[in-house]
Amino acid sequence: MGFLSGLFGKKEAPKRQLDHPNKLLKGDMITLDDSFALPTQLRGQQLKVEAVHTYEYQRSQLCEFLLRGHNGTAIYLSYVQEDESYLSISMKINRAVVEQLFDLDAFAEIFEEPGKATLSVKALPSELSTELDKWLSDEYHQVEFASFGYFHRQDFRGLTPPQNDDDAHGEGFEGYSLVNADDSHAVDIEVYESGDTEVMLTLYRPLTDIREYWPAS
């Protein structure tokens, strides 16, 4: 038997096929298009999957990939399948940047019923304009108000997240969202039960923006 093994050698395990964002795992890498339609934080960048998270809603789940490239910026990627499939790509901004982008009185209306706020981007200093230009649209209108969900720092694709009320059930939050007239840009806000608030600038992009996939194994 040993002679036969030596003669024919060991069969190599088939390489993992990675050709779709839904197949990404921690450690995988993607290369994005170098189109000038993308922000500098994304254009032609090679990004590595650092973590896989899950958003759980009443009737659906959404997988989120935390990506990071050479510049260190955290990028959040999701594959969304509706009438058409597309990529949702987000970057978080802090309160100081929110104050520079939007009138705070108008921003506060997002959290008031009936949830029909509109936001216009203020004139920006040149440095901030260069950094965020492709992430922004001139104006947004609100499309989501206080949608409740749970955020899990785990990958629950094909699984049901824990349904008990302890920490394993994830972090509860209310979601608010505004989009532009072309449905190409969004401002997403998550207000957590802990009191933390996350604000994200979001782009909706075609799947073809991912030019190459690099499986970790």
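This is a chat between a trainee and a mentor about a predicted protein model.

Trainee: Hi! How many helices and strands does the protein have?
Mentor: Hello! This predicted model has four helices and 11 strands.

Trainee: And what does the C-alpha trace span along its principal axes?
Mentor: About 80 × 45 × 30 Å. The protein has 217 residues, and 41% of them count as buried.

Trainee: Let's go to strand 4. Is strand 4 largely enclosed or open?
Mentor: Strand 4 covers residues 74-81, and seven of its eight residues are buried, so the rest of the structure largely encloses it.

Trainee: Which strands pair with strand 4?
Mentor: One is strand 3, residues 61-68, which pairs with strand 4 in the antiparallel sense over four bridges. Another is strand 5, residues 85-93, joined to strand 4 by six bridges and also antiparallel.

Trainee: Which residue in strand 4 is the bridge partner of F65?
Mentor: That would be L77. Towards strand 5, you can look at Y76, which stands opposite S90.

Trainee: L77 and Y76 are neighbours in the chain, then. Where do side chains point in a regular strand?
Mentor: In general, they alternate between the two faces of the sheet.

Trainee: How many residues lie between the strands in those hairpins?
Mentor: Strand 3 and strand 4 have five residues between them, while the hairpin of strand 4 and strand 5 has three. In the turn between strand 3 and strand 4, have a look at G72, whose phi is positive at about 85°.

Trainee: Nice. What does strand 5 pair with besides strand 4?
Mentor: Strand 5 runs antiparallel to strand 10, residues 197-205, with seven bridges joining them. If you want a spot to find on screen, L87 stands opposite R205 in strand 10.

Trainee: And which strand forms a hairpin with strand 10?
Mentor: Strand 9 does, with four residues between the strands, and G195 in that hairpin takes a positive phi near 100°. Strand 9 spans residues 185-192 and is joined to strand 10 by seven antiparallel bridges. There, A186 stands opposite T202.

Trainee: Changing topic: which residues gather in the patch of negative charge on the surface?
Mentor: D103, D105, E109, E112 and E113.

Trainee: Where does D105 sit, and is it buried or exposed?
Mentor: D105 is in helix 3, residues 104-108. D105 counts as exposed because its relative accessibility is 61%, and the cut-off for exposed is over 50%.

Trainee: Great, thanks!
Mentor: Happy to help!

Note on methods. Residues are numbered from 1 along each chain as its sequence is written. This is a predicted model: local features need pLDDT of at least 70, side-chain atom pairs count only at pLDDT 80 or more; totals for chains, interfaces and linings use all residues. Side-chain values use heavy atoms; hydrogens and water are left out. Buried means under 20% relative accessible area, exposed over 50%, partly exposed in between (1.4 Å probe, protein chains only). Helices (H or I, at least four residues) and strands (E, at least two) are DSSP runs, numbered from the N terminus. Two strands pair if DSSP finds at least two bridges between them. Patches are made of residues with over 30% relative accessible area and no salt bridge: like charges are joined within 9 Å, nonpolar side chains (Val, Leu, Ile, Met, Phe, Trp, Tyr) within 5 Å. Accessible areas come from the Shrake-Rupley method with a 1.4 Å probe; for residues, only the protein chains shown count as cover. A salt bridge is a side-chain nitrogen of Lys or Arg within 4 Å of a carboxyl oxygen of Asp or Glu. Lys and Arg count as positive and Asp and Glu as negative; His and the chain ends are not counted. The place of a charge is taken as NZ of Lys, CZ of Arg, CG of Asp or CD of Glu.
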